[in-house]
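The following exercises introduce a protein model. Please examine the sequence and the structure before reading the worked solutions.

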Amino acid sequence: MNILRIALEAVWFILPAYIANGTPVVISHIIKGGIPIDRGKNFLDGRRILGNGKTIEGFMAGTLVGTFTAFLQAIIANNSSILFFGFLLSLGAMVGDLIGSFIKRRLGLARGAPAPLLDQLDFLLGAVFFAWLGGAYIPHSYMVVLIILTPILHFTTNYIAYRLKLKSVPW
Ligand code: CTP
Ligand code: MG
């Protein structure tokens, strides 16, 4: 079926970003007490810039593990450009996630508070934007699939992480 094929291709394309986004949750349980990227500092509004949920360790691990995923994909598909775009997708996912937290803090939401759609889509949009900056061709059909599928997958995987006690909240 054509739609299934497009969905699988879209997920294959975005996979480094998905892996990058999930990595910090796991890493935070291995490396305890990571260093907050904002170093505990507040923004002009007196609230944290990003909050304790965004650490240097998480950011770097996400970018690295996502890029490693792309390295494996490049070998499987015998296409070295996947490595380049996978790096951009991973880095973009981590930056998008930071922007999401920045917006949440500006809205007065505490670390870990749910922000529907923002929590699920910030990293996706960051990843796609970075890959696009790098010259990736991203069909519109991929975007339609990913904007629908990502929140569903995000909630499912976060619920599993919650049940595994990797996360304290299921979002
Ligand atoms: N994490 C991290 N460093 C990052 C991103 C995530 O250490 N750059 C870890 C943190 O332990 C974080 C967890 O992954 O709690 C889940 O990430 P996320 O849901 O994005 O963070 P929240 O704690 O929900 O914080 P926020 O409200 O800012 O989204
Ligand atoms: Mg969260």
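**Exercise 1.** Determine how many helices and strands the protein has, and assess its overall form.

*Solution.* The model under study is a predicted one.
Step 1: the secondary structure amounts to five helices and zero strands.
Step 2: followed along the sequence, these elements give the pattern α-α-α-α-α.
Step 3: the radius of gyration is 16 Å, close to the 16 Å that the globule rule gives for 171 residues, so the protein is as compact as a globular protein of that length.
Step 4: the C-alpha trace spans about 50 × 35 × 25 Å along its principal axes.

**Exercise 2.** Describe the burial, contacts and surface of the protein.

*Solution.* Step 1: of the 171 residues, 40% are buried.
Step 2: take the contacts between residues at least 6 apart in sequence; 68% of them join residues at least 24 apart.
Step 3: the accessible surface comes to about 9700 Å², and carbon and sulfur atoms account for 72% of that surface.
Step 4: the protein carries 14 positive and 7 negative charges, whose mean positions lie 7 Å apart.

**Exercise 3.** Is Gly-96 buried or exposed, and which residues does Gly-96 touch?

*Solution.* Step 1: locate Gly-96 in helix α3, which covers residues 81-106.
Step 2: the relative accessible area of Gly-96 is 6%. Buried means under 20%, so Gly-96 is buried.
Step 3: leaving aside residues up to four places away in sequence, Gly-96 touches Asp-122, Phe-123 and Gly-126.
Step 4: Pro-16 is 80 residues from Gly-96 along the chain, and the C-alpha atoms of the two are separated by 14 Å.

Conventions
Residues numbered from 1 in each chain as written. Chains lettered and ligands numbered in written order. Predicted model: local features only at pLDDT ≥ 70, side-chain atom pairs only at ≥ 80, totals over all residues. Heavy atoms only, no water. Helix = DSSP H or I, 4+ residues; strand = E, 2+ residues; numbered from the N terminus. Rg over C-alpha atoms; globule rule 2.2 N^0.38 Å. Buried < 20%, exposed > 50% of the residue type's maximum accessible area, 1.4 Å probe, protein only. Contact = heavy atoms within 4.5 Å. Areas by Shrake-Rupley, 256 points an atom, 1.4 Å probe, with all protein chains shown as cover. Lys, Arg positive; Asp, Glu negative; His and termini not counted. Charge placed at Lys NZ, Arg CZ, Asp CG, Glu CD.
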